Amino acid sequence: MENKLIENEIFYCEPLLASEKNLQRIQSFHVAAETGLGLEMYLKRYAVSDELSHEARTYLVKDNISHEIVGYFSLKTGMVASRKKWSPFQLEIDSLPAVELANFAVNSAYKAAHKEQTGIGSIIFIDFILPIIKMASERVGICIVYIFALPYSPLIKYYETLNFRRLSRVEEAFIHRNYKPRYDRGCIFMSRPLYAED
């Protein structure tokens with residue numbers, strides 16, 4: 001019995017550890033673009049340990065009929081800090097409660113086998129990622145979703161279609177200097193309001 005957390009007419013979403021079969025299924029997950037190799041390796045090598053240590057939650061999106069893995073994403077809590085102003089003795093910083101979309105990838109093997117399915121990434125984001133974050137926001141304060149996107153123009157433009165925006169140069173430099181995780185070196189900080197118009 002599949003463990004559906006959320007579903008639409010084509011796909012459903014479940015936690016990575018909802019089924020022992022998932023640990024075998026993720027081994028066939030593939031990202032065709034060389035730039036996405038880190039996303040593939042995260043799912044296969046690190047996602048389970050992050051689950052067990054409560055550092056991130058990973059979700060698999062699957063086909064309703066075949067149960068093939070369509071894509072996956074990982075979420076973790078965080079904050080968005082913005083530089084406010086310098087006082088005579090210290091830098092004053094304001095912060096907003098946020099969720100980081102830490103990993104997000106579509107299975108290239110699924111895309112190749114199901115060419116009729118288009119816009120998979122957008123479907124996953126709108127039908128699964130946002131609803132899960134909004135469910136969490138009913139219990140704890142969350143008003144921002146952010147990512148550290150790989151620094152490739154087509155990817156940045158894609159995230160912009162999902163209402164993610166880059167900061168000003170000064171604010172971006174501040175975030176990158178003070179808050180960017182080591183594993184996201186070279187990536188671009190982008191954020192969007194949780195309740196933006198989609």
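Which residues is isoleucine 124 in contact with, leaving aside its neighbours within four places in sequence? I looked this up in the model, which is a predicted one. I found that isoleucine 124 is in contact with Val61, Val70, Gly71, Phe73, Phe104, Val106 and Ile129.

**Entry on the cores**

I then looked at the largest nonpolar core, which has 32 residues. Isoleucine 124 is one of the four that touch the most other members, along with Phe73, Leu75 and Ile129. I listed the elements that each supply at least two residues of this core: strand 2 (11-15), strand 3 (57-63), strand 4, strand 5 (91-106), helix 4 (120-137), strand 6 (144-149), helix 5 (153-161) and strand 8 (188-193). Helix 4 gives the largest share, 8 residues. I also noted a second core, separate from this one, with 12 residues, including Phe29, Ala56, Ile69 and Tyr72. My textbook reminder here is that nonpolar side chains tend to be buried together in soluble globular proteins.

**Entry on the rings**

I counted aromatic pairs next, and the structure holds 9 of them. In one, phenylalanine 29 meets tyrosine 72 edge-to-face, with 5.4 Å centre to centre and 80 degrees between the planes. The two residues are 43 residues apart, and their pair links distant parts of the chain. Phenylalanine 29 lies in the loop between helix 1 (21-25) and helix 2 (37-52), while tyrosine 72 is in strand 4 (residues 69-86). Are these two rings on buried or exposed residues? Phenylalanine 29 counts as buried because its relative accessibility is 1%, and tyrosine 72 is buried too, at 0%.

I also wrote down a cluster in which ring pairs link Phe125, Tyr158, Tyr159 and Phe164. Elsewhere, I found the charged end of lysine 4 over the ring of tyrosine 12, at 4.9 Å from the ring's centre.

**Entry on the cysteines**

How many disulfides are there? The count comes to 0. I looked up two cysteines anyway. Cysteine 143 is partly exposed, with 30% relative accessibility, whereas cysteine 187 is buried, with a relative accessible area of 5%.

**Entry on helix 6**

Last, I went through helix 6 (residues 169-178) and found Glu172, Phe174 and Ile175 buried. Why do I say that the buried residues line one face of helix 6? Seen down the helix axis, they fall within an arc of 160 degrees, so they line one face. On the face turned away from that buried side, I noted the exposed residues Arg169, Val170 and Arg177.

Key:
Residues are numbered from 1 along each chain as its sequence is written. This is a predicted model: local features need pLDDT of at least 70, side-chain atom pairs count only at pLDDT 80 or more; totals for chains, interfaces and linings use all residues. Side-chain values use heavy atoms; hydrogens and water are left out. Rings of Phe, Tyr and Trp (its six-membered ring) pair if their centres lie within 6.5 Å; planes under 30 degrees apart count as stacked, over 60 as edge-to-face and the rest as tilted. Helices (H or I, at least four residues) and strands (E, at least two) are DSSP runs, numbered from the N terminus. Buried means under 20% relative accessible area, exposed over 50%, partly exposed in between (1.4 Å probe, protein chains only). A charge sits over a ring if NZ of Lys or CZ of Arg is within 6 Å of the ring centre and within 35 degrees of the ring normal. A disulfide is a pair of cysteine sulfur atoms within 2.5 Å. A nonpolar core is a set of buried Ala, Val, Leu, Ile, Met, Phe, Trp, Tyr and Cys residues joined through side-chain atoms within 4.5 Å. Contact means heavy atoms within 4.5 Å. The arc is that of the directions from the helix axis to the C-beta atoms.
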